[in-house]
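I opened this entry to keep track of what I looked up in the structure and in which order. The notes follow the order of my reading.

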Amino acid sequence: MSAPWSSPASGPAPRREWPSEGIARVPYWLYSAPDVYAAEQARIFCGPSWSYVALEAELPAAGDYKRTFIGDKPVVVVRDQAGAIHCVENRCAHRGVQFCQRHLGNTGSEFMCPYHQWTYDLAGNLIGVPFRRGVKKQGGMPPDFDPKDHGLRKLKVATRNGVVFASFAAEVEPLESYLGPTMLALFDRVFDGRELEVLGYSRQLIPANWKLMFENIKDPYHASLLHVFLVSFGLFRADQPSKVVMDATGRHGALISWKGEQKKTDANADMKSLKEDFKLHDPRLLDPVREFPEYTVVMGTYWPNLIVQQQSNTLAMRQLVTKGPTAFELAWTFFGYKDDSPEMRRRRLRQANLMGPAGFVSADDSEVMKFSQDGVQPYPDAAGVMEMGGRDWREEPHMVTEGAIRSFYDYYRKVMEL
Amino acid sequence: MAAAERFLGMGARELRLELEELYADYSACLDEERFEDWPEFFTDECLYKIVPRDNFERGLPLATWMCESKAMLRDRVVMIRKTAVYGPRWIRRMTSALRVLGWDGEVLEVRANYLAVETLLDELTRVFNAGQYRDRLVVEGGRLKFREKLCVFDSLLVPNSLIYPL
């Protein structure tokens, strides 16, 4: 197979110099330069990658659709009459109108653009053009106009255990090998074939570059310092058993932790945020039950637009939608399983208070990402230091490392030719 | 309960005045960041939720913020004061178009529009969140209190973080 970044979609590489220290540094122009952003759209989001677009549970019936984005490109995911899922650009092939204007819905057996009523079947084929033969023998499309040449642009689609991915690339490796065995096993742990149930959505516009979100989740050690709530209630601590894993390319990763014996010792005296006297007024907020084997937290980061969150009993897809170089939308889809007991469902909804724009935990992250953007954007020539846990990357049996950020940028630099 | 009878005996005009004062007090409490006083506007058993309109209309149970008791409201205050890390902000809440939908002698059903504007460091004041209060009030200890307060907001996209209550 040729190098994954030699896609026909890829545009010119940005003409910029990465610091000589390599992936132990991240240059700050990476978070605001328009040429870098444009190259990311072409090479990463429109390149040979699989982007998360939907859960099958959002599209249970024929004609059900979901309007979403890959990078900043609007697309629509839809289920056809035979049950197959298609993904097409949300752009009429006639004059470019974004024809789908609702997040979710049912479109019957066709999509119709409201402007001149060009009509498409659920696979994106053009099936109707009003006045194609003209009116009273006047006008009309040229005789050689062939609707087959004017369908919606179709993306490749792959599904696995209820999760739908799409790709703009003509050539892309199968989803399973794209994820690799380590990430596939973690993916299948949550998506084990049971039917999913969507519990609801949460969306936030974060005034920061999209890569800061991946850096945040790929860096487990910030959680033991920044997130006073997690630390205070013993949900996540630097001294608990944990590990950081990646796929062979370094583009995907996961931070994993599980329950262990913890007490305040000299070793964690560095954790200034440790406040052991905290008690909840209503303990129902934190009432986790062991649900999955072995690990209590698995935060998977999937190149290029997905975080799969399993934090105790909260399960969520966090989809990144880029909005220019200095902002992104984080679209959360919280879910459970169709066969959840009412108690488990209630538990998931309660624990959801930790996550999202008002999350006891994740609001710290959106705030800190804004602080990061405010700090790096005015200083494009400076660079971040990524040396915690070394200057290269490999899997680590602890969380005191920025290795998964380095592995992400190792792959990123290859794709971007930077 | 004599206190409840005071409200029962009220005419529509008097009740409305009473409610407008309550909603003004509620906004002032939050605008002035007296968060420790905020749970006192609620009954011990209560439900407070901030919900995107999309979830509400589709009947999806997820809330952006959900407290199921006065104790959980207090836990949110601990978050605001002690555990959360966030930039300085000032939020001002405006309530209007207050309507009483029903009053069966026990539960008072109220709707109102709300608008919250946010001011951040180095930024102009912006609309932060707008929506509808869907409230159920009861009389407790001679005062009207929220047994249920739903803030259903229109813009599904939250500008960054939601730290303070609405």
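**Backbone entries, chain A**

I began with the backbone and went to Glu294(A), which I found in the loop between β14 (253-257) and β15 of chain A. Its phi is near 70°, a positive value in a residue that is not glycine. I then turned to Pro304(A), which sits in the loop between β15 (297-302) and β16 (306-311) of chain A, and noted that the peptide bond leading to Pro304(A) from Trp303(A) is cis, with omega near 0°. I marked both entries because most residues other than glycine have a negative phi and most peptide bonds are trans.

**Confidence**

I reminded myself that this is a predicted model, and looked up how far the predictor trusts it. For chain A the average pLDDT is 93, with 94% of the residues scoring at least 70. The exception I wrote down is residues 1-6 of chain A, where the pLDDT is below 50 and where the stretch has seven contacts in the model beyond near neighbours in sequence. Chain B has a mean pLDDT of 94, and 97% of its residues reach 70 or more. For the complex, the predictor gives an ipTM of 0.95 and a pTM of 0.95.

**The interface of chain A and chain B**

How many residues does each chain bring to the contact? I read 42 residues from chain A and 36 residues from chain B. The area buried between the two chains is about 3300 Å², and carbon and sulfur atoms give 59% of that area. I also noted 22 residue pairs in polar contact between chain A and chain B, counting pairs with both residues at pLDDT 80 or more.

Which elements of chain A each supply at least two residues of the side that touches chain B? I listed β12 (196-206), α4 (228-232), β18 (328-337), α5 (342-351) and α6 (362-376). Of the side of chain A that touches chain B, β12(A) gives the most, with nine residues. Sorted by class, that side of chain A holds 22 nonpolar, eight polar and twelve charged residues.

I followed β12(A) across the interface and found that three bridges join it to strand β7 (residues 157-159) of chain B, the two strands running parallel. Within this pairing, Leu205(A) stands opposite Pro159(B) in β7(B).

**Salt bridges**

My search of the whole structure returned 49 salt bridges over all chains, and three salt bridges lie across the interface of chain A and chain B. I looked up Arg350(A), which forms a salt bridge with Glu68(B), the closest N and O atoms being 2.5 Å apart. This pair crosses from helix α5 of chain A, which holds Arg350(A), to the loop between β2 (65-67) and α4 (70-83) of chain B, which holds Glu68(B). I also entered the salt bridge in which the side chains of Glu367(A) and Arg89(B) meet, at 2.5 Å from N to O. Side chains of opposite charge can pair when their charged atoms come close.

Technical notes: Residues numbered from 1 in each chain as written. Chains lettered and ligands numbered in written order. Heavy atoms only, no water. pLDDT = per-residue confidence, 0-100. Contact = heavy atoms within 4.5 Å. Buried area = accessible area lost by both parts, 1.4 Å probe. Salt bridge = Lys/Arg side-chain N within 4 Å of Asp/Glu carboxyl O. Polar contact = N/O pair within 3.5 Å; in protein donor to acceptor, adjacent residues only side chain to side chain. Helix = DSSP H or I, 4+ residues; strand = E, 2+ residues; numbered from the N terminus. Nonpolar A, V, L, I, M, F, W, Y, C, P; charged D, E, K, R; others polar. Pairing = 2+ DSSP bridges.
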